[in-house]
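Trainee: Could we go through the charged pairs in this protein together, and then look at a serine?
Mentor: Happy to. Have a look first, and then ask away.

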Amino acid sequence: MAAILNGDGNDQEAHRQLLIASKLEPKNDHILFSLGLLYAELKLFDKAEESLKKAFTVIINNVKAQYNYGLLLQQRNKQQDAEKGYKLACKQIQRMPKY
């Protein structure tokens, strides 16, 4: 629901719902990932960084969170840290089962 609201430009309601959801399920990587992306969109970069990092810390193979964390760090001119984030994502992709 929060993603739909965010897509409709209702960032405040999306934020409210994601905060509620993150309190109900603090280890849900999808909620943390969505919250991180919303914070980045709102230019709340410290909070975005924190949420994305939590998302891939909770579920270590959340490649999307790892990649977006690296992207956010790169945009913030934290090149060395961004490179580490990208490398983590690449390692996880290599470990994923091939279908």
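The conversation below covers salt bridges and then one serine in this predicted model.

Trainee: How many salt bridges does the count come to?
Mentor: Side chains of opposite charge can pair when their charged atoms come close. Here a pair counts when a side-chain nitrogen of Lys or Arg is within 4 Å of a carboxyl oxygen of Asp or Glu. By this rule the count comes to six.

Trainee: Let's take Glu13 and Arg16. Which helix holds both of them?
Mentor: Their side chains meet in a salt bridge, at 2.6 Å from N to O. The two residues are three apart, about one turn of the helix. The helix that holds both, covering residues 11-24, is H2.

Trainee: And is Arg16 buried, partly exposed or exposed?
Mentor: Its partner Glu13 has 22% relative accessibility and counts as partly exposed. For Arg16 the value is 43%. Buried means under 20% and exposed means over 50%, so Arg16 counts as partly exposed.

Trainee: Moving on to Arg76 and Glu49, how many residues apart in sequence are the parts that this pair ties together?
Mentor: The side chains of Arg76 and Glu49 meet in a salt bridge, with N to O at 2.7 Å. Arg76 lies in the loop between helix H5 (63-75) and helix H6 (79-95), whereas Glu49 lies in helix H4 (residues 45-58), so the parts tied together are apart in sequence by 27 residues.

Trainee: Is Glu49 buried or exposed?
Mentor: Arg76, at 26% relative accessibility, counts as partly exposed. Glu49 has 15%, and the cut-off for buried is under 20%. Glu49 therefore counts as buried.

Trainee: Glu49 also pairs with Lys78. Where does Lys78 lie?
Mentor: The salt bridge between Glu49 and Lys78 is 3.3 Å from N to O. This pair links distant parts of the chain, 29 residues apart, with Glu49 in helix H4 and Lys78 in the loop between H5 and H6.

Trainee: Which residues are linked in the network of salt bridges?
Mentor: We have already met Glu49 with Arg76, and Glu49 with Lys78. The network also takes in Asp46. Its linked residues are Asp46, Glu49, Arg76 and Lys78.

Trainee: Now the serine, Ser22. Which backbone oxygen does its side chain reach?
Mentor: Ser22 has its place in helix H2 and, at 14% relative accessibility, counts as buried. Leaving aside neighbours within four places in sequence, Ser22 is in contact with Ile31 and Leu35. At 2.9 Å, the Ser22 side chain reaches the backbone oxygen of Leu19.

Terms used:
Residues numbered from 1 in each chain as written. Predicted model: local features only at pLDDT ≥ 70, side-chain atom pairs only at ≥ 80, totals over all residues. Heavy atoms only, no water. Helix = DSSP H or I, 4+ residues; strand = E, 2+ residues; numbered from the N terminus. Buried < 20%, exposed > 50% of the residue type's maximum accessible area, 1.4 Å probe, protein only. Polar contact = N/O pair within 3.5 Å; in protein donor to acceptor, adjacent residues only side chain to side chain. Contact = heavy atoms within 4.5 Å.
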